[in-house]
Amino acid sequence: MTRHVAPDHGGRQWWKSSVVSQIYPRSFADSNGDGIGDLPGVTSRLDHLAALGVDVVWLSPVYPSPQDDNGYDVADYCDIDPMFGTLADLDDLAAGLRARGMKLVMDLVFNHTSDEHPWFVESRAATDSARRDWYWWRPARPGTTPGTPGAEPNNWGSVFSGPAWTFDETTGEYYLHLFSRKQPDLNWEHPDVRHALHDVMRFWLDRGVDGFRMDVVNFVSKDPALPDGLVAPGARFGDGSPHFLSGPRIHEFLQELHREVIAPHQRPTMVVGEMPGVTLEDARRFTDPDRREVDMVFQFEHVDLDAGASKWDARPLDLRALKASLSRWQVGLADRGWNSLYWNNHDQPRAVSRFGHDGEHRVMAAKMLATVLHLHRGTPYVYQGEELGLANVAFGHIDDFRDIESRNHYAEALAHGADPAVVLEQLRARSRDNARTPMPWDDSPTGGFGSTRPWIALDPGHRRTNAGAALDDPDSVFHHYRRLIALRRDDPVVVHGDFTLLLADDPQVYAFTRRLDGVELLVLGNFGDDPVEPALPDDAAWTDADVVVGTGSGVSLGPWEGRVLRRVH
Ligand code: TEU
Ligand code: CA
């Protein structure tokens with residue numbers, strides 16, 4: 001099947017040929033010596049991103065927040081938390097990006113607000129408050145004593161451990177929170193809620209931002225009956241996800257949002273929806289340009305493969321399962337929709353430790369993972385520090401962890417008799433804090449992050465691995481990312497080429513081709529400590545092919561090595 005170059009809809013689909021860098025402001029750069037990263041800190045490091053060659057910066061939340069979940073608990077959607085700076089600082093950052101030809105994408109947390117948001121403060125004040133139905137309030141389960149365990153309106157569990165409901169003394173009712181008790185869910189059934197959120201988006205678009213990353217946006221339509229979920233063997237709570245994941249009105253709500261906010265907006269924007277548990281079938285609908293919902297989604301299939309019943313139940317990764325999953329999404333969104341490509345973000349442990357090798361082969365493995373990901377069809381996301389090949393950090397003690405999800409899991413597991421050492425090991429492997437250590441800019445004691453002790457421990461490896469050293473070393477992971485990003489800019493086969501998986505059953509080699517108008521790329525990645533000779537159907541044909549990424553020639557690979565070969569038919 002010959003593939004034509006995808007129509008660009010007059011530049012409205014600019015993000016198809018873009019590479020996005022995700023910045024977690026709390027951990028990027030601290031400009032005022034309080035140990036916490038901030039907006040002037042980000043602005044001071046824009047040349048690093050420009051040198052990398054990324055086109056877009058996605059900024060994790062910087063809005064006023066009690067920081068219960070590091071800003072994903074928003075108390076005011078149209079301002080900046082003083083800890084991060086001011087609206088003027090945000091404008092400076094946007095101007096600095098524009099001056100370097102880059103765009104700015106803000107993070108919108110619309111499934112829930114902070115419990116300190118004025119909307120919720122008013123909602124919880126009285127059962128007849130004007131904003132009562134802006135959230136999900138329910139009386140205790142019939143026949144129970146309100147406020148006692150089991151009296152919750154339904155049996156859903158929170159993502160951050162414990163029940164998804166909290167009893168509120170003031171009105172004697174419960175409110176729903178799929179995340180922490182300080183993150184009450186908004187009731188999108190209420191049109192005023194949706195309209196208020198549309199106004200928030202217009203506020204930021206009018207301020208010049210180029211798009212949005214929408215937090216757990218496939219959770220916003222719930223089954224209003226809020227029925228109990230099935231309780232898995234040994235589980236304390238029911239699984240509510242069948243009743244709120246891609247719920248009954250989700251497509252209607254996203255089409256309304258696009259119609260009311262995105263379509264009328266002059267400048268072409270980018271909207272990516274974070275969608276835990278989204279299926280490929282749903283993603284085809286969400287990202288179909290003719291349906292006018294979102295441009296791409298973050299799906300989680302490939303980051304849930306190496307876990308059992310819960311994310312804490314770490315299992316070894318079967319490369320065949322990873323290849324099967326990613327190639328299914330490649331093929332599934334080949335003719336309609338578009339993929340987002342990521343190994344890392346602020347919720348996932350570092351990929352080189354998880355999917356690669358963070359010992360003697362760390363640099364080679366980090367480069368190979370980047371090569372394999374960036375040569376897939378879709379928009380790649382580079383999470384801060386990934387371009388340095390940062391690894392997980394072996395936090396020593398529970399007090400070293402800051403993430404509410406991790407600390408809640410530890411407390412809950414111990415409350416149910418778990419061995420602290422076992423749970424600590426689970427956190428070391430899978431905690432989100434692995435992704436949230438300060439960005440190491442140099443080999444100084446504070447890693448150049450700031451002038452004082454950072455809010456979370458610095459990666460002890462920063463003396464060796466930091467941005468300054470990477471820039472000076474042409475063979476560094478950083479320059480490898482720079483070359484991959486340049487190749488995407490220079491060779492249209494990378495953006496538009498067909499994807500074909502090879503050697504699907506090979507447990508160690510990831511191999512696929514990309515084809516466009518007579519040009520063919522062969523992408524190879526060795527996910528093992530031993531050298532390999534991939535049994536390709538026509539490997540002889542690649543012996544003299546140009547090497548466009550990596551070193552060496554032909555198809556034989558060293559430990560954790562990646563390579564891209566190019567030939568023209
Ligand atoms: O994450 C949603 C989400 O699915 C994560 O909770 C994820 O499943 C989990 O953390 C993996 O361990 C978004 C944000 O990215 C996350 O940082 C927030 O904590 C969460 O929503 C609530 O806003
Ligand atoms: Ca600061």
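Two residues are in contact when heavy atoms of theirs lie within 4.5 Å of each other. Keep that in mind as we look at two pairs of helices in this predicted model.

**Helices H5 and H6**

Let's start with the meeting of H5 and H6. On the H5 side, the residues in contact are Arg194, His195, His198, Met201, Arg202 and Leu205, and they meet Phe253, Glu256, Leu257, Glu260, Val261 and Ile262 of H6. By type, the residues of this contact divide into six nonpolar, two polar and four charged.

How do the two helices lie relative to each other? Two packed helices are described by the angle between their axes and the distance between the axes. The axes of H5 and H6 come within 10 Å and cross at roughly 45°. That angle makes H5 oblique to H6, and the crossing is right-handed.

Now look along H5 itself, which runs over residues 191–206. Its buried residues are Val193, Arg194, Ala196, Leu197, His198, Val200, Met201, Trp204 and Leu205. What covers these buried residues? The cover includes helix H3 (87–99), strand E3 (103–108), helix H4 (118–125), strand E7 (211–214) and helix H6 (250–262). Just after H5 comes Gly208, with a positive phi of about 105°.

**Helices H10 and H14**

The second pair joins H10 (residues 362–374) and H14 (residues 477–490), whose axes come within 10 Å and cross at roughly 15°. Angles under 35 degrees count as roughly parallel, and H10 and H14 are therefore roughly parallel to each other. Their crossing is right-handed.

H10 brings Val363, Ala366, Lys367, Ala370, Thr371 and His374 to this contact, where they meet Val477, His480, Tyr481, Leu484, Ile485 and Arg488 of H14. Seven of the contact residues are nonpolar, three are polar and two are charged.

Which residues of H14 are buried? They are Val477, Phe478, His479, His480, Tyr481, Leu484, Ile485, Leu487 and Arg488.

**Checking helix lengths**

Here is a handy test: at 1.5 Å a residue, what span should a helix have, and how far apart are its end C-alpha atoms? The table sets out the values for H5 and H14.

| Helix | Residues in helix | Expected span | Distance between end C-alpha atoms |
|---|---|---|---|
| H5 | 16 residues | 22 Å | 22 Å |
| H14 | 14 residues | 20 Å | 20 Å |

For H5, the distance agrees with the expected span. For H14, the two values agree as well.

How values were computed:
Residues numbered from 1 in each chain as written. Chains lettered and ligands numbered in written order. Predicted model: local features only at pLDDT ≥ 70, side-chain atom pairs only at ≥ 80, totals over all residues. Heavy atoms only, no water. Axes fitted to C-alpha atoms, helices over the stretch in contact; angles between N-to-C directions. Helix = DSSP H or I, 4+ residues; strand = E, 2+ residues; numbered from the N terminus. Parallel < 35°, antiparallel > 145°, perpendicular 65-115°, else oblique. Left-handed = near helix turned anticlockwise from the far one by under 90°. Nonpolar A, V, L, I, M, F, W, Y, C, P; charged D, E, K, R; others polar. Expected span 1.5 Å × (residues − 1). Buried < 20%, exposed > 50% of the residue type's maximum accessible area, 1.4 Å probe, protein only.
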